[in-house]
Amino acid sequence: MKTSLLILSVMVLLASMSELTFSVKVAGAEQRDVLADGLKPSELTQLTIDSNDDDVKVLQFEIIHARGLSPLKRGNVKEGNTFDLSKFRDQAKAGDRIVINVTKITADSGKLSEKNSILQIPIR
C-alpha cells in the first residue's frame with residue numbers, strides 16, 4: 001500500500017511539473033502541425049489555440065503578420081482563443097510568418113513564459 005501511494009505521489013508531482021505548451025489548429029488544416037509545416041496564404045482561415053493542460057485556457061493573445069523583421073498587420077484577441085486569419089490573406093506571401101504571442105491564460109502561476117508564449121506559423 002505504501003509503495004502504490006508513493007508511486008501515485010510521484011506521478012502527480014511529475015504531472016504538475018510538466019511544461020505548458022500550446023497547440024494551434026487552423027480550419028481546413030486540422031490534421032497538420034501548422035507550427036512545423038506552415039500554411040499557404042489561401043489556407044489562412046479560423047485559428048484556435050489550446051493548451052496541453054485542461055486547467056489552462058487561453059484568454060488573450062496578440063497576432064502579427066510579419067515579413068522579415070517588419071510587422072505588416074496586427075490583431076488582438078481580448079477574449080477567447082480564436083482568430084480569423086483571413087484578414088491577413090490579401091498581403092500574405094511565401095516567406096512571411098504569423099507570430100502569436102499568448103498574453104493571458106487562466107490559472108497563471110508562472111506557467112506562461114517567453115519560451116512557451118510565442119508561437120510562429122511559417123507561410124509557404
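How much area does the chain expose, and what share of it do carbon and sulfur atoms supply? The chain exposes about 7700 Å², of which carbon and sulfur atoms supply 55%, the areas coming from the Shrake-Rupley method with a 1.4 Å probe and, for residues, with only the protein chains shown counted as cover. The structure is a predicted model, in which local features need pLDDT of at least 70 and side-chain atom pairs count only at pLDDT 80 or more, while totals for chains, interfaces and linings use all residues. Residues are numbered from 1 along each chain as its sequence is written, and side-chain values use heavy atoms, with hydrogens and water left out.

Three helices and seven strands occur in the chain, and their order along the sequence is α-β-α-β-β-β-β-β-α-β; here helices (H or I, at least four residues) and strands (E, at least two) are DSSP runs numbered from the N terminus. Of the 124 residues, 31% are buried, where buried means under 20% relative accessible area, exposed means over 50% and partly exposed lies in between, with a 1.4 Å probe and protein chains only. Among the contacts (heavy atoms within 4.5 Å) with a separation of 6 or more, 62% are between residues 24 or more positions apart.

Four of the strands form an open sheet with the order 4-3-6-7 and antiparallel pairing, two strands being counted as paired if DSSP finds at least two bridges between them. Strand 4 (70-77) and strand 7 (118-122) stand at the edges, and because each has a single partner strand, one side of each is left without a neighbour in the sheet. On average, neighbouring strands of this sheet are turned by 20° against each other, direction ignored, with axes taken as lines fitted to C-alpha atoms (for helices over the stretch in contact) and angles running from 0 to 180 degrees between N-to-C directions.

Strand 3 (residues 58-67) is a good place to follow this sheet in detail. Seven of its ten residues are buried, so strand 3 is largely enclosed by the rest of the structure. On one side, seven bridges join strand 3 to strand 4 in the antiparallel sense, with Ile64 standing opposite Arg74; the two strands form a hairpin with two residues between them, and Gly68 in the turn has a positive phi of about 65°. Strand 3 also pairs with strand 6 (residues 97-105), again antiparallel, over eight bridges, and Gln60 has Lys104 of strand 6 as its bridge partner.

Two polar residues of strand 3 deserve a closer look. His65 counts as buried at 0% relative accessibility, and its side chain is joined to that of Asp96 by a polar contact of 2.8 Å. A polar contact is a pair of N or O atoms within 3.5 Å; within protein, one must be able to donate a hydrogen and the other to accept it, and residues adjacent in sequence count only if both atoms are side-chain atoms. Leaving aside neighbours within four places in sequence, the residues in contact with His65 include Leu72, Phe88, Asp96 and Ile98. Glu62, also in strand 3, counts as buried at 18% relative accessibility, and its side chain makes a polar contact of 2.9 Å with the side chain of Arg74.

At the other edge of the sheet, strand 7 pairs with strand 6 in the antiparallel sense over five bridges, and Ile100 stands opposite Leu119. In a regular strand the side chains alternate between the two faces of the sheet. Along strand 7, Leu119 and Ile121 point to one face and are buried, whereas Ile118, Gln120 and Pro122 point to the other and are not.

The chain has one aromatic pair, counted when rings of Phe, Tyr and Trp (its six-membered ring) have centres within 6.5 Å, with planes under 30 degrees apart called stacked, over 60 edge-to-face and the rest tilted. The rings of Phe83 and Phe88 have their centres 5.6 Å apart and their planes at 35°, so this pair is tilted. Phe83 is buried, with a relative accessible area of 7%, and Phe88 is buried at 2% relative accessibility.

Finally, Ala29 lies in the loop between strand 1 (22-26) and helix 2 (34-37) and counts as buried at 5% relative accessibility. Not counting residues up to four places away in sequence, Ala29 touches Val34 and Leu39.
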